[in-house]
Every structure is written in structure tokens, then in C-alpha cells.
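The exercises below are to be worked with the sequence and the model side by side. Each task is followed by a solution in steps.

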Amino acid sequence: MSIDLESFLAARGYRMMRPNALEGAALAEFNSCLDQFREWAEAHAAFRNPEIKVVTVFLNSSEANAFAFTEADVIGVNWGLIVKIRELLGQVFDPMNFSWIPEDRRAAAKEWLYESAKFFFFWHEMGHIWNGHTRLAKTAGLAAIDELGATSMGSLSSKDFQTLEMDADSFGATQICSMARRFPFPVKNSILENEQGDGATSLAMLAFSSYLVFSMFGREMRLEEQESWDHPSAPLRQLAITGTISTKAVQMGWFNIDQASYLTQIGTQVAEDAYRSAFKEDPVSEDLAETFNPAFSSEGANYLSGLLEHWKLLRPVLDQLKPGGVLPAVQDFADG
Ligand SMILES: [Zn+2]
């Protein structure tokens, strides 16, 4: 399908980002991001359903947000999201926390973290399309799935939305896990690699970037308010995403469950420590995950179990709406 993107977006109240608003490194990044998105969207469609042409466009907004539209397979990523991910990494990726990374590899290391965080969001939006969410939202009368949740619900409940978000997070986490295996972190942490095996640094750093980036969406988990939100709160998503990364690493035959859990926990904890140090929060006092992320408590785990139960109800509906057919179980939400 060919659409006039500019008017498609304008009709829905969004403005396309124009490359001529940028210059230098930002312009190069704008173009290379879109090229990369296009290449991956085509590669994914090639084996799922070549008829599906997902178009990604940058939107002119400084808010860290992204959208999956329902009336065409269009992903809109606010340019502000890209800027904010870079800013956050610039603030948090401090030499003090990464003394094992030699000076001459720091730029490459930071770029890898940035890319993995950025592409998580792209693949999350792709999950909304390929897992049937946008088609479900369309039947519910919605124009787009909005990542900051300021959307009307149509005929979907907040639990439906939260479950879709978890499903898209799982899709995104699965994809970046495969990426991290194909494109390893540019420096090996010799202690981790010797202890846990080849690729240990990549897995830990993947957990680092995925966990870190959600810190910018809020630090609190208020389960009593959560019920009415469109999205699970950031700590719950951090828990679910790092958990999916760990599960996926095992399914790929990369690590066993103990190693994968250990490595994702290390990455998570380093991210939390680095964030606290950058933003002058109190340091983590003990090395137990529950002490720094409330979602790691039994309440958090129970909440996620509730969403998983709900997903089982939604799944038969979604399966009918998946434009690329149903993938084998290994690709599914929190499978295993
Ligand atoms: Zn989403």
C-alpha cells in the first residue's frame, strides 16, 4: 500500500520530522536510522509476509514517545526519543563505572549500548504490528497505539493494553537478544567471559541498556494505581524485559538458565548503580535486586503473572489478527 505519509500523519495530528531541520551528525543519524529500520522491516516481512510493508517515520516532537498506527502499517518514532536515549547514555555511561573498558573502545561501547536501546523501541513497535495489536486496536476504534498512554481506550480495557505492551516488549527483547548475539559488545569483560563463557559481556550489557532506558519513564511502581493505566509502570517493564532477555538467551542455547539469570542481573544492577550515581540518588545498599526495583518483589511478580494469564485470553484473538501468521511457541510472550 502506498500512502501519502505527510497527510496520513497530519490527519491524525502528527507532524513528520524533516531532515532539513537537522545537520551534521544528527542528520547522518536520522538517515542511517531510517535506512536500518527499512532494511530490518523488509527482512522481517520477507519471511513472515512480504505483502506487509512497514514504514517507519520520525515525528517532530521532543517527547520520548513512539506510535504504531492502526489504519496503515506505519511506525512513528518521535525524534525526541532518539535524542533522549543519547542524552541518558551520555549522562550514565561514566568511565568510573566501566573501568574495564579501555579508553580507545569507549566510543564503540557507547554506540553499541545506544543502538541496542534504540532498536528495542523499533522492535517493540514492530511487535505491535506483527503480533496483531494494531489490528485489534483498529477494531476497537483507535487510530494509534501511543507509547505514553495518553490514548482513549476504545473498547479495550487497561488490562488489555498493558498485556499488549508486555507482548510487544517481549517481541522487542527477543529481537535485540538475537542482535546482540550477531553483533557482540565491542569489548570483552575478561572476568565475566572467563567465569560464564563467550558472549557473557554482550548479554550483561544488553540487560544494562534495556534496563537503563526504562529508567527515564519513571522510577516508581504503584500497583494500586496501576490498574487504570495503559502501560505497566517502568519497573515492571524492566523486570519483564530483562526476564525475557534471560529466557531468550537460554532458548537460543547461548547460556544455561543460571548463567543467563546471573548475567542479566549483573547488567541490571550496574545500570541501576550507574543511574543512581549519575542522578545523585542514594547508592544501592545491598546486592539484592528487590532493594532497588520494587517490581522484583512478590507483588511485582504477581502482577506480571496476572498479565500473563490475561495474555492467554487475548492470544486466540490476536492469533487471528497476526499479519504474518503465528510464529512457533519459542517466539511467544514469556514462553518457558
Ligand atoms: Zn507499545
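## Exercise 1: Strand β2

Both faces of β2 are covered: Ala 66 and Ala 68 on one side are buried, and so are Phe 67 and Phe 69 on the other. The coordinates come from a predicted model.

Task. State which strands pair with β2, in which sense, and over how many bridges.

Solution.
1. Start with β3: 3 bridges join β2 (residues 66–69) to this strand, and the two run antiparallel.
2. Pick out single positions on that side. Phe 67 stands opposite Gly 76 in β3, and Ala 68 has Ile 75 of β3 as its bridge partner.
3. Look at the connection. β2 and β3 form a hairpin, with 4 residues between them.
4. Turn to β4: its pairing with β2 is also antiparallel, and it too has 3 bridges. Here Ala 68 stands opposite Ile 145.

## Exercise 2: Strand β3

Task. Sort the residues of β3 by the way they point, and decide whether they are buried or exposed.

Solution.
1. In a regular strand, side chains alternate between the two faces of the sheet.
2. Apply this to residues 74–78. Val 74, Gly 76 and Asn 78 point one way, while Ile 75 and Val 77 point the other way.
3. Check burial: 5 of the 5 residues of β3 are buried.
4. Add the remaining partner. β1 (residues 55–59) runs parallel to β3 and is joined to it by 5 bridges. In this pairing, Val 55 has Val 74 as its bridge partner.

## Exercise 3: The sheet and the helices on it

Task. Give the order of the strands in the sheet, and find which strands stand at the edges.

Solution.
1. The 4 strands form an open sheet in the order β1-β3-β2-β4, with mixed pairing.
2. β1 and β4 (144–146) each have a single partner strand and stand at the edges, so one side of each has no neighbour in the sheet.
3. From one strand to the next, the twist averages 20 degrees.
4. Now place the helices. α4 packs on the sheet and touches β1, β2, β3 and β4; its direction makes about 25 degrees with that of β2.
5. α3 (residues 79–92) lies across β1, β2 and β3, and runs at about 50 degrees to β3.

## Exercise 4: The nonpolar core

Task. Find which residues of the largest nonpolar core touch the most other members.

Solution.
1. The core has 89 residues, and Leu 203 and Ala 204 touch the most other members.
2. Ask which element supplies the largest share. Helix α4 (residues 106–130) does, with 12 residues.
3. List the contacts of Ala 204, leaving out residues up to four places away in sequence. They are Leu 192, Leu 263, Ile 266 and Gly 267.

## Exercise 5: A glycine in a loop

Task. Decide whether Gly 199 is buried or exposed, and find what it touches.

Solution.
1. Locate the residue: Gly 199 is in the loop between α7 (190–196) and α8 (200–214).
2. Count its surroundings. A residue is buried if 20 or more other C-beta atoms lie within 10 Å of its own. Gly 199 has 22 within 10 Å, so it is buried.
3. Set aside neighbours within four places in sequence. Gly 199 is then in contact with Arg 181, Pro 184 and Trp 254.
4. Compare chain and space: Ala 180 is 19 residues from Gly 199 along the chain, and their C-alpha atoms are separated by 8.7 Å.

## Exercise 6: Helix α10

Task. Compare the span of α10 with the expected one, and say how many of its residues are buried.

Solution.
1. α10 (residues 234–251) has 18 residues and reaches 25 Å from its first C-alpha to its last, close to the 26 Å expected.
2. Of these 18 residues, 16 are buried, and the helix is mostly covered.
3. Just after the helix, Gly 253 takes a positive phi of about 75 degrees.

## Exercise 7: The whole chain

Task. Judge how compact the protein chain is for its 336 residues.

Solution.
1. Count the elements: 12 helices and 4 strands.
2. The radius of gyration is 19 Å, close to the 20 Å of the globule rule, so the chain is as compact as a globular protein of that length.
3. Buried residues make up 43% of the chain.
4. Of the contacts with a separation of 6 or more, 67% are between residues 24 or more positions apart.

Note on methods:
Residues numbered from 1 in each chain as written. Predicted model: local features only at pLDDT ≥ 70, side-chain atom pairs only at ≥ 80, totals over all residues. Core = buried A, V, L, I, M, F, W, Y, C linked by C-beta atoms within 7 Å. Buried ≥ 20, exposed ≤ 12 C-beta atoms within 10 Å, placed from the backbone. Contact = placed C-beta atoms within 7 Å. Pairing = 2+ DSSP bridges. Expected span 1.5 Å × (residues − 1). Rg over C-alpha atoms; globule rule 2.2 N^0.38 Å. Axes fitted to C-alpha atoms, helices over the stretch in contact; angles between N-to-C directions.
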